[in-house]
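Thanks, everyone. Please have a look at the sequence and the fold on the screen. I will keep this short.

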Amino acid sequence: MLFRSLFYSNKDQKYFQDTYPLKKPTPSYVIPPSLGNKEDIQIDFTHFSPNNNIGFNGSPSFSNGIYHIFDTLNNFPNYTLSLFGNHGRNEVSNEILVNFITDQSPNINFNGKLKDTNKFFKNNHIYHNLSLYDSFNYFTFTSLLNGMVPILSTSSSTTEYFIDYPFISDLDVNSIYNTLNDITSTPIKELKEILIDTSLRLKHMNNKNIKNEYYNFLNNL
């Protein structure tokens with residue numbers, strides 16, 4: 001049986017091919033997770049609330065860019081960061097990182113597991129995804145569709161789905177700060193148009209299309 005591989009992004013696919021060069025080329029497919037029904041892939045501006053608050057939900061790790069945003073806020077403290085997620089005893093490095101940055105910066109708070117998403121979307125205007133690497137950050141898409149404005153890093157695989165998206169940053173303090181300022185200084189009408197345009201480019205990631213792609217993948221095994 002011919003081996004086939006499945007990835008969430010083209011960058012994942014390339015990383016795999018570069019890391020595990022196979023003597024005999026094998027077919028591989030890129031199929032992202034579905035974002036829901038096609039008609040539901042649109043921006044809900046119910047909680048849209050422009051401010052200088054940045055939100056994050058996930059693993060508060062160095063690889064997810066948490067130290068990079070801390071370093072930025074340490075130099076430019078006019079933004080605040082609310083961290084949600086897990087850093088339990090099995091993730092000692094994450095716990096050390098969170099304890100350090102919250103102790104050093106009064107503008108960063110760790111709030112534990114996210115229980116009220118509506119409150120999260122309303123209180124925070126910018127969604128943090130300055131990861132050094134991610135395969136497919138689903139909550140970045142969730143935050144966008146709920147009216148938050150993601151700040152993405154050039155190294156994130158998620159970025160390849162944000163076609164012509166303007167708020168993508170290099171992983172250095174000045175670039176991050178300038179991108180944050182670009183978000184907060186963009187006129188509201190223009191900002192909403194950017195979010196709407198971005199969501200329209202995600203329409204293909206709907207249940208029906210993704211299901212068909214998986215059927216094609218399975219039928220070719």
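I will go through the sheet, then the helices, then a few single residues.

One thing up front: this is a predicted model.

Start with the sheet. It is open and has six strands. The order is S5-S4-S3-S6-S7-S8, and the pairing is parallel. Which strands stand at the edges? They are S5, residues 108–110, and S8, residues 168–169. Each has a single partner strand, so one side of each has no neighbour in the sheet. Helix H3 packs on this sheet. H3 touches S4 and S5, and its direction makes about 140° with that of S5.

Now go to S3, residues 53–58. On one side, S3 runs parallel to S4, which spans residues 80–85. Six bridges join S3 and S4. Take two partners as landmarks. Phe56 has Leu83 of S4 as its bridge partner. Gly58 is bridged to Gly85, again in S4. S3 is also joined to S6, residues 126–129. How many bridges are there between S3 and S6? Two, and these strands run parallel as well. Here Ile54 stands opposite Ile126 of S6. A general reminder while you look at the strands: in a regular strand, side chains alternate between the two faces of the sheet.

How does the chain get from S3 to S4? Follow helix H2, residues 66–75. S3, H2 and S4 together form a β-α-β unit, and the unit is right-handed.

Stay with H2 for the helix packing. Two packed helices are described by the angle between their axes and the distance between the axes. First pair: H2 with H3, residues 92–104. Their axes are 11 Å apart, at an angle of about 10°. That makes H2 and H3 roughly parallel. From H2, the residues that meet H3 are Ile66, Tyr67, Phe70 and Asn74. From H3, they are Leu97, Phe100, Ile101 and Gln104.

Second pair: H2 with H6, residues 173–185. Is this pair parallel or perpendicular? Roughly perpendicular. The axes cross at roughly 75° and come within 9 Å. H2 brings His68, Ile69, Asp71, Thr72 and Asn75 to this contact. H6 brings Val173, Ile176, Tyr177 and Leu180.

On to single residues. First, Asn53. This residue belongs to S3. Its relative accessibility is 25%, so Asn53 counts as partly exposed. What does the side chain of Asn53 reach? One of its polar atoms lies 2.9 Å from the backbone oxygen of Asn123. Beyond its neighbours within four places in sequence, Asn53 contacts Thr80, Asn123, Asn124, His125 and Ile126. Look at Tyr127 too. Asn53 and Tyr127 are 74 residues apart in sequence, yet their C-alpha atoms are 8.8 Å apart in space.

Next, Ser131. Find it in the loop between S6 and helix H5, which covers 138–145. Buried or exposed? Ser131 has 0% relative accessibility, so it counts as buried. Its side chain makes a polar contact of 3.2 Å with the side chain of Asn129. The Ser131 side chain also has a polar contact with the side chain of Asp134, at 3.1 Å. Leaving out residues up to four places away in sequence, Ser131 touches Ser63, Asn64, Gly65, Ser153, Ser155, Ser156 and Leu171.

That list includes Ser155, so go there now. Ser155 lies in the loop between S7, 149–153, and S8. At 17% relative accessibility, Ser155 counts as buried, since the cut-off is under 20%. Which backbone oxygens lie by its side chain? A polar atom of the Ser155 side chain is 2.7 Å from the backbone oxygen of Ser131. The backbone oxygen of Leu132 is 3.0 Å from a polar atom of that Ser155 side chain. Not counting neighbours within four places in sequence, Ser155 contacts Lys11, Ser131, Leu132, Tyr133 and Leu171.

Last stop: Asp164. This residue is also in the loop between S7 and S8. At 64% relative accessibility, Asp164 counts as exposed. Now the backbone. Most residues other than glycine have a negative phi. What is phi of Asp164? Near 60°, a positive value in a residue that is not glycine.

That is the tour. Over to you.

Technical notes. Residues are numbered from 1 along each chain as its sequence is written. This is a predicted model: local features need pLDDT of at least 70, side-chain atom pairs count only at pLDDT 80 or more; totals for chains, interfaces and linings use all residues. Side-chain values use heavy atoms; hydrogens and water are left out. Helices (H or I, at least four residues) and strands (E, at least two) are DSSP runs, numbered from the N terminus. Buried means under 20% relative accessible area, exposed over 50%, partly exposed in between (1.4 Å probe, protein chains only). Contact means heavy atoms within 4.5 Å. A polar contact is a pair of N or O atoms within 3.5 Å; within protein, one must be able to donate a hydrogen and the other to accept it, and residues adjacent in sequence count only if both atoms are side-chain atoms. Two strands pair if DSSP finds at least two bridges between them. A crossover is right-handed if, with the strands pointing away from the viewer, the path from the first strand over the helix to the second runs clockwise. Axes are lines fitted to C-alpha atoms, for helices over the stretch in contact, and angles run from 0 to 180 degrees between N-to-C directions. Angles under 35 degrees count as roughly parallel, over 145 as roughly antiparallel, 65 to 115 as roughly perpendicular and the rest as oblique.
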